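Open the model in your viewer and keep the sequence panel visible. The stops below can be selected one after another.

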Amino acid sequence: MRFELASDGRSGSMVRWRLLVTEPLPDASLLGHLRKRLNQLINADLRYTFGQ
């Protein structure tokens, strides 16, 4: 997992996360599952931790 922070060109910032895997790449079904789970962990559970 890699998090990348960048300026949004104004006074804020943007965050992008990338899932890095080794060969062979996961099939479409597993990839969809990983994306959904990581999205839940990062975008929902982490925000709830900070009360947002």
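Begin with Arg10, which is exposed at a relative accessible area of 71%; the cut-off for that class is over 50%. The model is a predicted one.

**Stop 1: Arg10 and Asp8**

Keep Arg10 selected and add Asp8. Their side chains form a salt bridge, with an N to O distance of 3.7 Å. Asp8 is partly exposed, its relative accessible area being 26%. This pair belongs to a set: searching the whole structure gives 3 salt bridges. Side chains of opposite charge can pair when their charged atoms come close.

**Stop 2: Glu4 and its two partners**

Select Glu4 next, together with Arg16. The two side chains meet in a salt bridge at 3.4 Å, N to O. Because Glu4 sits in strand β1 and Arg16 in strand β2, this contact ties together parts that are 12 residues apart in sequence. Arg16 has a relative accessibility of 48% and counts as partly exposed.

Now add Arg18 to the selection. The side chains of Glu4 and Arg18 also meet in a salt bridge, here at 3.3 Å, N to O. Arg18 lies in strand β2 and Glu4 in strand β1, so this pair joins parts 14 residues apart in sequence. Is Glu4 buried or exposed, or does it fall in between? Its relative accessibility is 23%, so Glu4 counts as partly exposed, since buried means under 20%. Arg18 is likewise partly exposed, at 35%. With Glu4, Arg16 and Arg18 all displayed, you have a network of linked salt bridges on screen.

**Stop 3: the nonpolar surface patch**

Stay on strand β1, residues 2–7, and pick Phe3. Phe3 is partly exposed, with a relative accessible area of 48%. Extend the selection to Met1, Leu5, Val15, Leu19, Val21 and Leu25, which form a nonpolar patch on the surface together with Phe3. The accessible area of the patch adds up to about 700 Å².

**Stop 4: the largest pocket**

Rolling a probe the size of a water molecule over the atoms shows where empty space is left. Which residues line the largest pocket? Select Trp17, Arg18, Leu19, Val21, Leu25, Pro26, Leu31, Arg35 and Leu38. Two elements give two or more residues to this lining: β2 (13–18) and α1 (28–49). Of the elements, α1 gives the most, with 3 residues. Colour the lining by class to see 7 nonpolar residues, 2 charged ones and no polar ones. The volume of the pocket is about 160 Å³.

Some of these residues have appeared at earlier stops. Arg18, in the lining, is also a member of the salt-bridge network. Leu19, Val21 and Leu25 are in the lining and are among the members of the nonpolar patch.

**Stop 5: the loop between β2 and α1**

Move to Pro24, in the loop between β2 and α1. Display the backbone from Glu23 to Pro24: this peptide bond is cis, with omega near -5°.

**Stop 6: Ser29 and Gly9**

Finish on helix α1 by selecting Ser29. Ser29 is exposed, with a relative accessible area of 60%. Then add Gly9 and draw a distance between the two C-alpha atoms. How far apart are the C-alpha atoms of Ser29 and Gly9? They are separated by 36 Å, while along the chain the residues are 20 apart.

Terms used: Residues numbered from 1 in each chain as written. Predicted model: local features only at pLDDT ≥ 70, side-chain atom pairs only at ≥ 80, totals over all residues. Heavy atoms only, no water. Patch = residues over 30% accessible without salt bridge, like charges linked within 9 Å, V, L, I, M, F, W, Y side chains within 5 Å. Areas by Shrake-Rupley, 256 points an atom, 1.4 Å probe, with all protein chains shown as cover. Salt bridge = Lys/Arg side-chain N within 4 Å of Asp/Glu carboxyl O. Helix = DSSP H or I, 4+ residues; strand = E, 2+ residues; numbered from the N terminus. Buried < 20%, exposed > 50% of the residue type's maximum accessible area, 1.4 Å probe, protein only. 1 Å grid on protein atoms, 1.4 Å probe; cavity = no way out; pocket = protein on both sides within 12 Å on 5 of 7 lines; lining within 4 Å. Points joined across faces, edges and corners; volume = space filled by probe spheres on them. Nonpolar A, V, L, I, M, F, W, Y, C, P; charged D, E, K, R; others polar.
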